[in-house]
Amino acid sequence: MGMPVEIEWAMDDKGFKLVQARPLHLEPAAAPDEIWLRHPGLNGQPAGVGWASGRARVVNCECELSLVAPGDVLITKVAGPALSEILPRVAGVVAELGGSTSHLASLGRERGIPMVLGVLDATTRIPDGVQVAVDGVAGVVRWIQ
């Protein structure tokens, strides 16, 4: 295709099968407000588009997903399939595990949700309830203490 692509595949008893491939369109990074550059930050894998900010909601298990309010930035350990149900209401997602080629990252890009995955110690370093900014293109998360 001559460009970065996102590939979905499956495996059966005869081997790997290509299910679909589509161009991986990445938005150019929007410059965040200068105020964010003066605050603590963590790096991870960029896995979404653009950037957004909102209240950090640290979730340690799927049983706490009901605590996530519209416009919150979800901070979690694992970017698993259960998170897909709350994507319509979050401003962004930060996860300690997962990567830019995960299914959740694909869903986030399709919906325009900034995500940064593979952010070590995010659930312990980012305080619950603070204002947080997620840059899904640069792979940076910053918060105001």
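How many bridges pair strand S9 with S10, and in which sense do the two run? In this predicted model, S9 (residues 131-135) and S10 are antiparallel partners joined by 5 bridges. Look for valine 132, which sits across from tryptophan 143 of S10. The two strands make a hairpin, with 4 residues between them. In that turn you'll find glycine 139, whose phi is positive, at about 80°.

S10 (residues 140-144) has another partner too: strand S3 (residues 41-43) runs antiparallel to S10, with 3 bridges between them. Here leucine 42 faces valine 141. Now check the side chains along S10, because they alternate. Val141 and Trp143 point to one face and are buried, while Val140, Arg142 and Ile144 point to the other and are not.

Next, the charged pairs. There are 7 salt bridges in the structure, including these:

| Salt bridge | Closest N and O atoms |
|---|---|
| Glutamate 8 and arginine 22 | 2.8 Å |
| Arginine 22 and glutamate 110 | 3.8 Å |
| Aspartate 72 and arginine 55 | 2.8 Å |

Arginine 22 is in strand S2 and glutamate 110 in helix H1 (residues 103-111), so their bridge ties together parts 88 residues apart in sequence. Glutamate 110 has 52% relative accessibility, so it counts as exposed. Glutamate 8, at 27%, is partly exposed.

What about aspartate 72: buried or exposed? Its relative accessibility is just 3%, so it counts as buried. Its partner arginine 55, at 32%, is partly exposed. Both also belong to a network of salt bridges that links Arg55, Arg57, Asp72 and Asp128.

Terms used:
Residues are numbered from 1 along each chain as its sequence is written. This is a predicted model: local features need pLDDT of at least 70, side-chain atom pairs count only at pLDDT 80 or more; totals for chains, interfaces and linings use all residues. Side-chain values use heavy atoms; hydrogens and water are left out. Buried means under 20% relative accessible area, exposed over 50%, partly exposed in between (1.4 Å probe, protein chains only). Two strands pair if DSSP finds at least two bridges between them. A salt bridge is a side-chain nitrogen of Lys or Arg within 4 Å of a carboxyl oxygen of Asp or Glu.
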